[in-house]
Amino acid sequence: DDCGRLPLHVIAKYGEGWTDDAESVLKANSGAAQVRAGRSRQGAAHARLPMHIAAAGPDAGPDLISRLVAAHPRGVSLPDGFGKLPLHLACESGKVWEEGVRVLYESYTRAVEEKEDNGRGWTALHMAASCPHSAHSLIEALVDIYPAATFEADRRGQFPLHLACSSGKSWEDGIKVIFDANPEAASAPNLVGMLPFHCAALAYSVSSSGGLASSNKIAPSRSHSSTSSSSDDSIVTTHNEDEPSSNIGEAIHGNDSQDLLAKINVVYCLLREVP
């Protein structure tokens with residue numbers, strides 16, 4: 001097509017599993033597995049193999065990825081046009097460990113230690129930590145395999161803990177695993193002076209309308225506030241005397257109450273650990 005993609009690239013992008021038709025396409029042109037293709041809307045070259053495309057796609061299943069790895073084994077060690085390995089792309093897209101990530105790791109185990117070759121310098125754990133919907137099992141596996149990644153800062157001074165706290169995750173859905181591997185990161189400022197606590201507070205701030213503010217805003221601080229916690233170390237309610245009670249009350253008692261409380265709990269847990 002206009003982006004240089006062959007039928008195998010299209011299968012990698014839109015396919016979920018490996019089918020007989022996909023096998024026929026590969027057999028008709030086995031060299032397609034080694035062809036790079038793709039451009040962004042801005043014209044930047046993605047230079048992605050079918051394997052990169054499948055790894056980045058949220059729907060591509062493990063059998064599809066496994067077949068592309070078998071068709072071009074060396075591809076797992078090759079970065080795309082943005083310096084990202086297939087494992088980086090899979091973690092960035094939030095894939096589940098057993099649904100495609102494991103086969104990429106086992107085919108090139110060094111990928112979990114390598115940083116992307118670009119201006120960010122993220123590891124696979126940085127990718128997974130920053131993805132809002134990455135599974136706890138993925139983060140847990142990456143930390144277990146290469147815990148040293150929790151001590152590695154990117155080129156903006158951000159540890160995986162900073163990124164996890166900015167992503168909107170709950171404490172139990174990945175942040176705690178990263179924190180336990182490197183508690184010291186909680187007191188490490190990034191290059192703009194923000195601690196993971198600041199990242200979480202910014203991401204989880206409550207707007208004056210009672211909803212969650214966007215990540216580039218933070219709600220005005222108030223001088224009078226009180227916080228109560230339950231015996232299991234989780235926040236159960238908040239109250240701000242200077243704020244109309246209906247705003248936060250509506251947020252807590254509405255459909256998003258559990259999500260809101262989970263996010264408040266992240267801020268509380270970070271404050272508890274690094275007061």
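This dialogue goes through three helix pairs and one pocket of a predicted model.

Biologist: What kind of model is this, and how are residues numbered?

Modeller: The model is predicted, so local features need pLDDT of at least 70 and side-chain atom pairs count only at pLDDT 80 or more, while totals for chains, interfaces and linings use all residues. Residues are numbered from 1 along each chain as its sequence is written, and side-chain values use heavy atoms, with hydrogens and water left out.

Biologist: At what angle do helix 4 and helix 6 pack?

Modeller: Two packed helices are described by the angle between their axes and the distance between the axes. Here helix 4 (residues 62-71) and helix 6 (residues 97-107) pack at about 25°, with axes 8 Å apart. Helices (H or I, at least four residues) and strands (E, at least two) are DSSP runs numbered from the N terminus. Axes are lines fitted to C-alpha atoms, for helices over the stretch in contact, and angles run from 0 to 180 degrees between N-to-C directions. Helix 4 and helix 6 are therefore roughly parallel (under 35 degrees; over 145 is roughly antiparallel, 65 to 115 roughly perpendicular, the rest oblique).

Biologist: Is the crossing of helix 4 and helix 6 left-handed or right-handed?

Modeller: Right-handed: the near helix is turned clockwise from the far one by less than a right angle, and anticlockwise would be left-handed. In contact (heavy atoms within 4.5 Å), Pro-62, Ile-65, Ser-66 and Val-69 of helix 4 meet residues of helix 6 including Glu-98, Val-103 and Leu-104. The contact residues divide into five nonpolar, three polar and two charged (Ala, Val, Leu, Ile, Met, Phe, Trp, Tyr, Cys and Pro are nonpolar; Asp, Glu, Lys and Arg charged; the others, Gly among them, polar).

Biologist: How far apart are the axes of helix 6 and helix 8?

Modeller: The axes of helix 6 and helix 8 (residues 136-145) lie 10 Å apart, at an angle of about 25°. That makes helix 6 roughly parallel to helix 8. Trp-97, Val-101 and Tyr-105 of helix 6 touch residues of helix 8, among them Leu-138 and Ala-141. Seven of the contact residues are nonpolar, one is polar and none is charged.

Biologist: At what angle do helix 11 and helix 13 pack?

Modeller: Helix 11 (residues 196-204) and helix 13 (residues 257-273) pack at about 160°, axes 9 Å apart. That makes helix 11 roughly antiparallel to helix 13. Their crossing is left-handed.

Biologist: Which residues lie nearest the centre of the second largest pocket?

Modeller: Rolling a probe the size of a water molecule over the atoms shows where empty space is left. In this model, Arg-5, Lys-13, His-46, Arg-48 and Ile-53 lie nearest the centre, among twelve lining residues. Strand 1 supplies the largest share of the lining, three residues. By class, the lining has five nonpolar, three polar and four charged residues. A pocket is an open set of points on a 1 Å grid over the protein atoms alone, where a 1.4 Å probe fits, with protein on both sides within 12 Å along at least five of seven lines; lining residues have an atom within 4 Å of a point.
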